[in-house]
Structure formats: C-alpha cells, structure tokens
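Grab a coffee and work through these short exercises on helix geometry and packing. Try each one on the structure before reading the solution.

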Amino acid sequence: MSYIVATEQLSKRYGSRTVVDSLNLRIPAGCVYGFLGPNGSGKSTTMKMLLSLVRPSSGEVQVMGQPMNRGTRRRLLGHIGSLIESPPGYGHLTGRENIRLVQRLLDLRDEQIDQAVRTVRMQDQLDKKVRDYSLGMKQRLGIAMALARQPRLLILDEPTNGLDPAGIEEIRDLLRRLSDGGVTVMVSSHLLGEIDKTATVLGILSGGRLIFQGTRDELFAASTPDVLIDTPHPEYANTQLKGMVASRLDHGAVRVSGIGDQTTARVVAHLVGAGVDIYGVRRDEQSLEDVFMDLTGGGGL
Amino acid sequence: MGAVRAEFLKLKRSLSWTVVVLLPVAMVIAGAVNTLVSGSRPEDGWHTMWLRSVVFHGLFPLAIGIGILASLVWRVEHRGGNWNALMSGPTSALRIMASKAVVVAVLAAAMQAVLLLTVVVIGVVVFAIPGLPPGRYVGVSLLIMLACVPVAVLQSGLSMLMRSFAGPIAVAFLGAGAAVVLLLAGLDAAVFVIPYALISRATQLGTGTFGDTGAITGGDVASIVIGALVLTAALTTATTQILDRRDTRT
Ligand SMILES: Nc1ncnc2c1ncn2[C@@H]1O[C@H](COP(=O)(O)OP(=O)(O)O)[C@@H](O)[C@H]1O
Ligand SMILES: [Mg+2]
C-alpha cells in the first residue's frame with residue numbers, strides 16, 4: 001500500500017513534557033483520515049510537524065515519499081493544502097481580495113480559483129469583508145484558499161470546531177466530495193461524531209500517543225463489546241459471578257465486560273450449574289462512541 | 001514578483017497610507033508653526049526649511065515612521081490563522097522577507113517624497129521663500145530613500161519576530177538615539193553598522209550639521225550607497241534565516 005504520509009517515531013517535547021510521543025502514522029493515499037483525540041492530546045502539534053511548522057524533537061516525517069523538513073518543505077508544501085487551528089484571512093479585505101492574494105502569490109489560473117470557491121460554495125459571499133464573515137464562512141474561505149493550489153493532500157485541523165450542525169454537515173459533505181475527487185484528506189476532531197461517517201481510516205490519539213490506527217471495522221474488532229445475560233434472577237446471578245469476571249446489573253440483565261467467546265461459555269456453564277435460569281445471552285450493541293470513550297478512558301471529551 | 005504584488009494588495013484600506021501622508025506633513029507643519037510662533041522667518045531660506053524638516057525628521061521621526069509601517073505590514077500576519085497559512089505555502093522565507101521589506105521600503109520612500117513636497121509647498125506658500133529649492137535636494141532625497149531600505153529590512157524583521165506592535169517601534173527609537181550620539185561623536189563609520197545611523201547621515205548630507213562638513217563629496221555619497229547595500233544584504237540574509245528556522249507559535 002502507498003502512504004501519502006508516514007511518520008517514524010515522531011515526537012515533540014516541550015521542556016520535560018512529551019506532547020507527541022513516538023507516532024507512527026500511516027495515511028493511505030486517497031483516504032479520509034480521521035485524526036481523533038481529546039483536547040490537548042497533541043493533534044495540532046502533530047499536524048504542525050507534518051507541515052514543518054514545528055520541528056520534531058525526534059523522529060521523521062515522510063510526505064509523498066519524501067522527507068519533510070526545513071530544507072524540503074517549500075517544494076512539498078506546493079502540493080499540500082492546510083488549515084491549522086484558526087482559519088486564515090485578512091479581515092480588512094473582502095473574500096475576493098483574499099482569494100486574489102493567494103492567486104497572485106501562487107501564480108494560479110482563474111479556473112483554479114473559481115473551482116476552489118465553488119467547491120466551498122462561497123461564490124456569492126466574496127464581496128463582503130472577511131471581518132464580517134461568520135466563523136463557518138471563514139472556515140470555508142480558508143479551505144478554498146487551501147484548495148486553490150489543487151493539493152494532493154489536505155490537512156484540516158478541527159474544521160468543524162464552533163460550527164452549527166448545518167455547518168458541520170456541509171464540511172462533511174465537502175470532505176466526501178474532495179475525497180471522491182482524489183484528494184487525500186487528513187481531518188482532526190475531538191468529537192468522534194463529527195467525522196465518524198466521513199473518515200475511512202481512523203487514528204486515535206490520547207496523551208500524545210497513538211492508541212489506535214486502522215479502519216472503522218478494525219476499531220470495532222479491537223475492542224470486545226459487553227455480554228448481556230438475561231435472567232429472571234439477575235441479583236443472584238451477579239453474586240455468582242463475583243471474583244470470576246467483571247459483572248454488574250444493568251436494567252434487569254447482567255452485564256459482563258471484557259470477555260471473549262470461551263469465557264462467555266464458561267460463565268454460562270457456571271451460572272447454569274448454580275441453578276440460574278438463562279433465557280438470553282447476547283453481545284451489546286456498541287457504538288463507535290463507546291469504543292472511542294473506551295480507548296481514551298473517557299477523559300476530557 | 002507575485003509575492004510583492006500580493007503584499008501591495010494587502011495594503012488596500014490599510015492605515016499605512018495615512019501614516020505615509022500624515023507623519024511627514026505633521027512634521028513640516030509643526031516646524032513651520034514653531035517658526036511662526038517664535039516670530040522669526042527661515043533666515044537662510046530653503047536651507048533653514050530643510051534643517052527644520054528633513055534633518056529633524058531624520059533624527060527620530062523617520063526611523064519611528066518606518067517602524068510603524070513595518071508593524072502595520074506585519075500585524076495582519078500575526079492574526080488568526082494567517083501566520084500558519086503564510087508558513088505552510090510554497091513561498092520561501094527569502095521571498096516572504098524580501099517582499100515585506102520591499103513594501104516597507106516603498107512606503108518609506110513615499111513618505112520621503114511627501115515630506116519633500118510638503119517642504120516645497122510650505123516654503124512657497126507660508127514663508128514665500130524666493131525661488132525653488134536647490135536641485136541637490138532631489139538627489140539627497142533619493143539617497144535618503146536608499147538609506148531607508150536597510151532600516152525597512154531591519155524593522156520588518158523585528159515586526160516579524162515580535163507580535164507586539166510597539167516593541168519594534170521602541171527599538172527604532174533607541175536605535176535612532178544611539179545613531180545620533182555616534183554621529184555627534186563624529187563616528188561616521190556607524191553607517192556601515194547601524195542602519196539608523198545611515199538615515200540620519202543621509203538626511204544631514206550637505207547641511208553642515210552634526211558631523212557633516214557642508215559639502216557633498218563623492219566619498220560621502222559612496223559611503224551611504226555602500227552602507228545601504230551592505231546592510232540590506234546582511235539584514236535580509238539574517239532575517240530570512242531567522243524566519244526559516246523559527247517554529248510557529250501558539
Ligand atoms: N509551544 C508550546 N509550548 C508548550 N506546550 C505546548 C506548546 N504547544 C502545545 N503545547 C502543549 O501540547 C499539548 C498538545 O497540544 P495540541 O497539539 O494543541 O493538542 P490538541 O490539538 O490535540 O488539542 C497541550 O497540552 C499543549 O498545552
Ligand atoms: Mg488543536
């Protein structure tokens with residue numbers, strides 16, 4: 001498989017604090033990579049290192065098969081569009097003037113500019129001053145400015161932050177369209193729900209460490225959902241399981257966490273042996289949210 | 001060239017143009033009001049006018065004016081996501097620093113042109129000084145504009161480094177003060193080391209004030225031109241290196 005971004009043991013330390021710890025990111029070309037993690041987990045710092053805005057304390061970044069560093073960055077950055085932390089834009093200029101700036105700076109054709117503006121549906125808002133834009137409009141203008149150079153890779157840091165549900169849906173839809181058009185998108189969020197359905201590959205960061213990386217299916221497979229045992233005597237059944245597995249009562253059923261198929265069979269046999277009537281054993285429905293909370297310890301979300 | 005054109009586009013609706021016009025006009029008018037209030041007239045005609053405006057302007061206000069212009073030009077880059085956007089594009093640090101410096105230098109040159117024009121208008125209209133100012137003032141003004149270039153590079157570098165608007169302007173004030181002291185002490189070689197000394201020296205050229213002899217020699221002109229070129233090259237290299245090595249903040 002070819003990776004458009006790959007890092008080796010990428011780390012950043014500020015003083016004695018390690019804020020990004022030995023990341024081995026693998027972003028397949030053509031995917032939408034959802035980069036998830038609670039606030040302060042190191043998402044922005046990582047993205048800045050991918051763009052060489054911040055130099056790693058140790059480790060390496062490869063983008064499009066080339067090392068990304070201060071010597072190579074300008075060449076590579078011509079193919080990368082990005083939006084880090086807050087959207088860019090000169091408030092005293094109109095949207096159109098801001099876009100024209102980018103056009104002059106990068107020597108772009110009118111069609112490239114028009115297409116970028118239409119992609120974010122900003123063509124009717126360009127005569128307002130950016131100072132008077134809503135946050136959502138600033139985000140979209142920022143994305144248009146990033147898209148104008150027709151990048152192969154788009155790095156967006158929390159583009160849905162502070163947007164209303166309609167604005168969030170609009171960004172999601174935009175990411176899908178870009179991905180269909182062949183752009184690899186890396187998008188971060190501290191809210192799983194915001195990129196859940198758009199991301200094809202997920203990387204989950206917690207305390208600067210990558211605790212999961214893979215597809216959504218792989219994520220489900222990585223964690224075992226709870227087993228729910230239905231019985232007319234849940235209290236009795238629960239006491240029978242004490243010391244054997246982690247169990248608790250849940251709405252008239254017994255919930256057992258973290259057990260595989262073999263242990264499930266042993267648990268059922270044990271309960272039957274103890275004279276408990278069992279009329280149902282099932283795995284709980286697990287949402288991606290649960291898995292995420294599970295992995296990140298539910299902290300700070 | 002694209003980077004320079006982009007920089008000029010950013011000046012639209014900018015306060016910079018107000019500074020370019022108001023600062024020199026205010027300086028000349030203040031000088032004229034002083035003269036009028038004291039009940040005197042510029043005895044030496046254009047020479048007195050020149051001393052009270054251009055030379056005085058070159059002591060502190062010019063450096064401070066360039067400082068203000070540089071801070072205005074960089075202020076927008078320190079806002080929101082603009083810094084990250086600027087540094088995550090394909091434009092090299094050299095092109096970024098050079099285009100910013102060009103803009104500040106052009107604004108400084110415009111400020112000098114406004115100053116010259118105001119001197120002539122006030123001289124003719126308010127003081128009815130006979131005849132037009134000597135032609136060498138134009139040549140000296142061009143030299144002053146050239147001398148402003150390394151100051152523009154330095155102030156632009158300071159405003160790139162500091163988010164504070166006033167910080168770099170304070171540096172300009174202190175630098176101009178140091179330059180005055182050095183020139184008063186007759187240390188003309190300061191023009192090869194301190195850009196602020198270069199603008200003071202250029203504005204004093206041919207006036208017989210401070211360390212100046214009153215005559216404009218080829219050596220004087222050459223030292224200003226060489227000082228400007230050397231300092232511009234050195235400061236551009238230094239500020240470019242700093243920008244390229246620097247990590248983004250926040
Ligand atoms: N320049 C810096 N100096 C010191 N600490 C920093 C700096 N930048 C970020 N941090 C710290 O690194 C951690 C990760 O920050 P960040 O990458 O912004 O996280 P996220 O984007 O996931 O919210 C935070 O605790 C933050 O305080
Ligand atoms: Mg962040």
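**Exercise 1.** How many residues does helix α7 of chain B have, and how far does it reach from its first C-alpha to its last?

Solution. Keep in mind that this is a predicted model. Helix α7(B) runs over residues 136-161, so count them: 26 residues, by the definition of a helix as a DSSP run. From first C-alpha to last, α7(B) reaches 38 Å, close to the 38 Å expected at 1.5 Å a residue. Now look along α7(B) for a bend: there's a kink of about 25 degrees, centred on Pro150(B).

**Exercise 2.** Work out how α7(B) packs against helix α10 of chain B (residues 218-245).

Solution. Start with the axes: they lie 9 Å apart, at an angle of about 15 degrees. Angles under 35 degrees count as roughly parallel, so α7(B) is roughly parallel to α10(B). The crossing is left-handed. Next, pick out the contact residues: α7(B) brings in, among them, Leu146(B), Pro150(B) and Gly157(B), while α10(B) offers residues including Val225(B), Leu231(B) and Thr239(B). Sort the contact by type and you get 17 nonpolar, four polar and no charged residues.

**Exercise 3.** Do the same for helices α9 (residues 234-241) and α10 (residues 261-273) of chain A.

Solution. Here the axes come within 10 Å and cross at roughly 115 degrees. α9(A) passes α10(A) in a right-handed crossing. On the α9(A) side you'll find Ala237(A), Gln240(A) and Leu241(A), which meet Val267(A), His270(A) and Leu271(A) of α10(A). Sorting this contact gives four nonpolar, two polar and no charged residues.

Notes
Residues are numbered from 1 along each chain as its sequence is written. Chains are lettered from A and ligands numbered from 1 in the order in which they are written. This is a predicted model: local features need pLDDT of at least 70, side-chain atom pairs count only at pLDDT 80 or more; totals for chains, interfaces and linings use all residues. Side-chain values use heavy atoms; hydrogens and water are left out. Helices (H or I, at least four residues) and strands (E, at least two) are DSSP runs, numbered from the N terminus. The expected span of a helix is 1.5 Å times one less than its number of residues. The bend at a residue is the angle between axes fitted to the seven residues ending there and the seven starting there. Axes are lines fitted to C-alpha atoms, for helices over the stretch in contact, and angles run from 0 to 180 degrees between N-to-C directions. Angles under 35 degrees count as roughly parallel, over 145 as roughly antiparallel, 65 to 115 as roughly perpendicular and the rest as oblique. A crossing is left-handed if the near helix is turned anticlockwise from the far one by less than a right angle, and right-handed if clockwise. Contact means heavy atoms within 4.5 Å. Ala, Val, Leu, Ile, Met, Phe, Trp, Tyr, Cys and Pro count as nonpolar, Asp, Glu, Lys and Arg as charged, and the others, Gly among them, as polar.
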